[in-house]
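Trainee: Could we go through this model together? I would like to know how each label is earned.
Mentor: Gladly; have a look first.

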Amino acid sequence: MARKRKPRHITRSLRVRLMVSYALFFAILLIGTAAVFRARLSTVLTNQAQDILEQEWAALKGGYVRIGFYGNKPPELSWYYDQEDLDERFIVERLRRALLLTDASGTNELFISTTYENMARETPAQIQQRVRMMLASPGKFFLDTRYADGEPYLVRAGVIFDELHKAPFYAAIGTPLTNSLKVLRAYTLFFLGFIPAALILGSWLGWYMSGRALTPVLAVAQAAQRISGSNLSLRIPSREANDELDYLILTFNRMIDRLEASFQQMRQFSTDVSHELRTPITAIRGQLEVALFTAKTTEQYHDAIVNALQDIDRLSQMVRALLLLSQAESGQLVLQKTEVDLAAVVRDFVEQFQIPAESAGVRLVAQTPSRCPVMADRVQIERMITNLLSNAVKFTPEKGEVRLQLRKDEDSVELVVADTGRGIPSQYLPHIFDRFYRVPGTGTAPGPDQGLGLGLSFVSWIVKAHDGVIDVESTPGQGTRFEIKLPVGDLAAAPIESAVQPIVSE
Ligand code: ADP
């Protein structure tokens, strides 16, 4: 099976870094543990040697050695033990191994073993000083490590007394540390060999584990690379492991969903715009061609130019509306919120629309409370009401009725624009807020008399920008009802309105 080459450079440094971290962690852990254990072992071994020395010291003082000191003769040492008793012989052998016994001046040696002679010895002056110190504080003794023929010994020095005069004598016994050192050396050697091996193993483990952890990341990266502007329907398959990486994949896929939706919207928008622009342009071209090739009289020229101008008007109206809408949707149109009395605005508009409504034979009524202040952008709110009202009047036949109702709650207001017009079939309802959407089949196809299909897009944006909601209900043949709910907002924070702004409509 042919395998695709992985883009290794992406993860190489990450993998190396993970491996180095693993190895470093292992090294610190191993060296630290080994050092702590070695220190502990060394303490235990020293304690053991001290225990042995204490036992030997107790045996020395306990009567195996006696000092005969009779004033006129120099002191003498004699050993008291049962030659036949193996245990006692062994103890005495051990005592004699490294032993020094002198009088308190340090000059008269009662006993010195060869091993002791080979050690770095204390001078008579040192012995005298030590004896003085030990006599001053009973129980005190000296402990040090010395070497004889390259072998280490732990030496314990203290005072013992002769039986008759209780005169102090200086005694020092040594016990070899060779075995303890051997154990310590073996331990150190073991770790010196073990640590590099464990480090190599740890690094390999780190390399392997980070490789395993990063493989799915590479797979995700590869899948992500395949997704492009023209290929936005691709998604990264979930690993069904329900882990952090799956969460990343989910988030990424959702992002692609959103991108695809806005790409689609953009594509649709440019298709719609070019389509919508083509109609008036073709019409203008037609009018001008008529004028150029077939018009004979001034009247015919005049008509053709008037028609062309009408189409140009429509064209510029559309361009202006599109510009505004794109500004609104890209967030460039910032709301200028002030305190607006919605009741007064609704009453104003009903008054303005009376004449066109009457000429269409439509009754226009409004029910509003006396005042209904909300925090809103006056220009946009007026644009919203104009669009809804002009649609209602436009799509309601003679003898019909258009009714505006305004209700206010504690923190929201509700505006209803209801008509008894031709209604909208339910299958078209979800699309009426889309740009350029006109309900098909009822003579609303693009043409000079038709709307741009942009009015409700604006209404929807304005409601959303005011944190409100819009709802529509419609029954074909009976009428349509738009219901808008807007929050009242923080009226206390309202800036004072400087002047009443002009009403702008599409
Ligand atoms: P237009 O500028 O074409 O009116 P709108 O975006 O305002 O565009 O409306 C979109 C479509 O929704 C209209 O073409 C019309 O078919 C339908 N519509 C809007 N309001 C009403 C209404 N009150 N009664 C019936 N149909 C309506």
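Mentor: We will take the domains, then the two sheets, then the ligand, keeping in mind that this is a predicted model.

Trainee: Which domains does the chain have, and how far apart are the centres of domain 1 and domain 3?
Mentor: The assignment gives domain 1 (16-184), domain 2 (260-327) and domain 3 (334-487). Over C-alpha atoms, the centres of domain 1 and domain 3 are 108 Å apart.

Trainee: What makes S5 and S6 a pair?
Mentor: Two strands pair if there are at least two bridges between them. S5 and strand S6 (residues 151-161) have seven bridges, so they qualify, and the sense is antiparallel. Arginine 146 stands opposite tyrosine 153 in S6.

Trainee: Why are S4 and S5 called edge strands?
Mentor: The open sheet runs S4-S3-S7-S6-S5, with antiparallel pairing. Strand S4 (109-112) and strand S5 (142-148) each pair on one side only, which is what makes them edges. Neighbouring strands here are turned by 20° on average, direction ignored.

Trainee: How do you know that helix H2 packs on this sheet?
Mentor: Contact needs heavy atoms within 4.5 Å, and helix H2 (residues 86-97) touches strand S3 (99-103), S4 and strand S7 (168-176). The directions of H2 and S7 make about 100°.

Trainee: What is the pairing in the sheet that contains S9, and which strands are its edges?
Mentor: The order is S9-S11-S12-S14-S13, and the pairing is mixed. Strand S9 (363-367) and strand S13 (469-475) are the edges, each paired on one side only. The twist averages 10° from one strand to the next.

Trainee: What makes S11 and S12 partners?
Mentor: The threshold is at least two bridges. Seven join strand S11 (residues 401-408) to strand S12 (residues 412-419), so these antiparallel strands count as paired. Leucine 406 is opposite leucine 415 in S12. Helix H8 (residues 342-359) lies across S9, S11 and S12, at about 170° to S9.

Trainee: Why does lysine 394 count as a polar contact of the ligand?
Mentor: The cut-off for a pair of N or O atoms is within 3.5 Å. A side-chain N or O atom of lysine 394 is 3.5 Å from a ligand oxygen, so the pair sits right at that limit. A polar backbone atom of glycine 453 lies 3.1 Å from a ligand oxygen, and a polar side-chain atom of threonine 480 is 3.4 Å from a ligand nitrogen.

Trainee: How much of the ligand is covered?
Mentor: The protein covers 96% of the 530 Å² of accessible area that the ligand has on its own. H9 gives the most to the shell, with three residues.

Key:
Residues numbered from 1 in each chain as written. Predicted model: local features only at pLDDT ≥ 70, side-chain atom pairs only at ≥ 80, totals over all residues. Heavy atoms only, no water. Domains from an automatic or database assignment. Helix = DSSP H or I, 4+ residues; strand = E, 2+ residues; numbered from the N terminus. Axes fitted to C-alpha atoms, helices over the stretch in contact; angles between N-to-C directions. Polar contact = N/O pair within 3.5 Å; in protein donor to acceptor, adjacent residues only side chain to side chain. Areas by Shrake-Rupley, 256 points an atom, 1.4 Å probe, with all protein chains shown as cover.
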